[in-house]
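Reader: I am new to this structure and would like a close look at a single part. Please take the largest nonpolar core and what lies around it, and then set it beside the rest of the chain.

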Amino acid sequence: MIQERKASIVRVRRYQRSLDNNVSSFVLNLLIPLIFWIQRICPSIKKKRSNTAIHITIGSSRQIRPTKNNLRKKSITTNKSPEHFVSVTNINRQHHSRLQLNGNIIGSDSSTKRSSLRTNDTANTSHHSKHSRTTHYENAATGYSTSIKDRSDQKGMTQDYHRKSKRNKKTKRSRRCIIMSLLITVLLILIIGIILLVLLIKPKQVIIPTNMPVLRWNSTGVTVAGISGNASSGSNYLNRPFDVTWDYANNLYIADRYNNRIQKYLFDTTNITTVAGDGTLGPSSYQLHYPSRVIFDSNGNLLVTDSANHRIQLWPSGGISGTTIAGVTYSPGNSSTQLNTPYGIVLNPISGALYISDSMNHRVVSYASGANSSTLLLGGNGAGASNIQLNNPVGLHFDSFTNSLIIANFGGNNIVQYVLGANNWTLLAGDINGISGMTSTTFSAPTQAVFDPMGNMYVADRNNHRVQFFYKGQLNGTTIAGVTSTSGNSATTLNTPWSLKLDNQLNLYVADTLNHRIQKFSRY
């Protein structure tokens, strides 16, 4: 079983890893096309290549300051237009240069100009190189002087446009790139945030410790006592059984409530005998009136909750009558010597104290070994939902590991834990405010809670007609017997279960009260 559990945990972890990989792949598949899209709408600016072009600026006679990018500047005075001078500048360009004024192209493409300028320059170089270079620029400037002069502004200043249209285009593109990048970044943050939020609020799977074996039960029960659906006083019949337990020899004992007797089923036989009560209700020492719980002490004596007689009876092994050890026969009350419709009883194996759920007094009391009066442990202050009150407590279980009582708070629709010596209880399962329900976390009139050696809890959820299983420390239960809110007498259904027990193999026995039978659900 442990190997099966480990294998299931490995499958859970592999599933979680595959889920994480799928999420990562989804995010990457989302990011990659967006990154390419950003690169497409925002192409990187290519590195400028240093090409030399000639830029000629003709202005008025006042001095023109050199631009930042000027590499060489020469001033020439023309013969035809003494009022103007020509500024010739070598400027780095990416591909070609143009002669511009106020943003208007006044020359042809750069190849034609360079060809013309080279011809003139070559013709004049043989005589006087320095003067011919000046003449060359002068001729070039003179050729365009008329159109430039017409287009000059009133102050005689010319403006230098370095590919203004292309810079404007790049500026527009850069702005669009920034806006689109911001929008895409916000979109990505929103998408990633939603994914993370979904992963974080995803219901977490309950991972059971690896040393905890898988516990499963056959959902089809087998009747081990009584006749399903038939109430009778015959020896092999039961009439609303309320409790079931075993002795050291695995003989089965049943509180046959409406037959006012305790029945013994010898282990692995059909031999059935009555060990307490005579089948008639009454207050006598040999009679019982609606017995509801049965347990054994360390000496093998039988202790019976005689509910309608408001007392606890001790029946010695082989005895024909009982002795009252708690309560006053047929005298309900709330004093320290009285009980009012008691149900659950349990012994402290160390101190020998007897704990009783005094249901109609909404309290749990303790009788020390041999004492005639009780000590109040919890409740007794009226029915309520606060953690210092109880509401018709029924089932009791003593946990020696935590020195505490586990109480089936019938009217409070929950299972609570009371540590001996404390002033209040803590919730183990069910609704803390006492609200009934049929979900995996709620009950409707629970009547018994028992535990296995691993600390897992089993609850008889009476009005939901089911048995709920809770792994240790968990609030979310699983139905292991019966069908929620569906009563029936088939092998898979229950009808108002009042009690349950586990044997040493963790097979489950249920007192299926209104079906007048004891059902066994085998663990596998």
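Author: What follows starts with the chain as a whole, goes on to the core and its aromatic rings, and then turns to a sheet and a second core.

The model is predicted. Its chain has 524 residues, of which 44% are buried. The secondary structure consists of five helices and 29 strands. Of the contacts between residues at least 6 apart in sequence, 49% join residues at least 24 apart.

The largest nonpolar core has 17 residues. Tyr458, Val467, Leu500 and Leu508 are the members that touch the most others. Five strands each supply at least two residues of this core: β24 (457-461), β25 (466-470), β26 (478-482), β27 and β28 (508-512). In soluble globular proteins, nonpolar side chains tend to be buried together.

Val467 gives a view of the surroundings from one residue. Neighbours within four places in sequence aside, Val467 is in contact with Val459, Thr478, Thr479, Ile480, Ala481, Leu494, Leu500, Leu508 and Val510. Two of the residues on that list, Leu500 and Leu508, are also among the core members that touch the most others.

The aromatic rings come next. The structure holds 12 aromatic pairs. One of them joins Trp217 and Phe469, with ring centres 5.4 Å apart and planes at 55 degrees, so this pair is tilted. Trp217 sits in the loop between α5 (164-201) and β6, while Phe469 belongs to strand β25, so the pair ties together parts that are 252 residues apart in sequence. Trp217 and Phe469 are both buried. Ring pairs also link these two residues with Tyr458 and Tyr471 into a cluster. Tyr458 thus appears twice, in this cluster and in the largest nonpolar core.

Two of the strands that supply the core, β27 and β28, also belong to an open sheet of four strands. The order in this sheet is β6-β29-β28-β27, and the pairing is antiparallel. β6 (222-226) and β27 (497-502) are at the edges with a single partner strand each, so one side of each has no neighbour in the sheet. From one strand to the next, the twist averages 25 degrees. Four bridges join β6 to strand β29 (residues 517-521) in the antiparallel sense. Gly226, for its part, has Arg517 in β29 as its bridge partner.

There is also a second, separate core of 14 residues, which includes Ala353, Tyr355, Val416 and Tyr418. Tyr355 has a relative accessibility of 4%, so Tyr355 counts as buried, the cut-off being under 20%. The ring of Tyr355 pairs with that of Phe398: their centres are 5.8 Å apart and their planes are at 25 degrees, so the pair is stacked. Tyr355 is in strand β16 (residues 354-358) and Phe398 in strand β19 (residues 393-399), and the pair links these distant parts of the chain, 43 residues apart. Phe398, at 10% relative accessibility, counts as buried.

Burial also applies to a residue with another kind of side chain. Arg363, in strand β17 (residues 363-367), counts as buried at 8% relative accessibility. The side chain of Arg363 reaches the backbone oxygen of Asn334 at 2.9 Å.

Notes: Residues numbered from 1 in each chain as written. Predicted model: local features only at pLDDT ≥ 70, side-chain atom pairs only at ≥ 80, totals over all residues. Heavy atoms only, no water. Pairing = 2+ DSSP bridges. Axes fitted to C-alpha atoms, helices over the stretch in contact; angles between N-to-C directions. Core = buried A, V, L, I, M, F, W, Y, C linked by side-chain atoms within 4.5 Å. Buried < 20%, exposed > 50% of the residue type's maximum accessible area, 1.4 Å probe, protein only. Contact = heavy atoms within 4.5 Å. Polar contact = N/O pair within 3.5 Å; in protein donor to acceptor, adjacent residues only side chain to side chain. Phe/Tyr/Trp six-rings, centres within 6.5 Å; stacked < 30°, edge-to-face > 60°.
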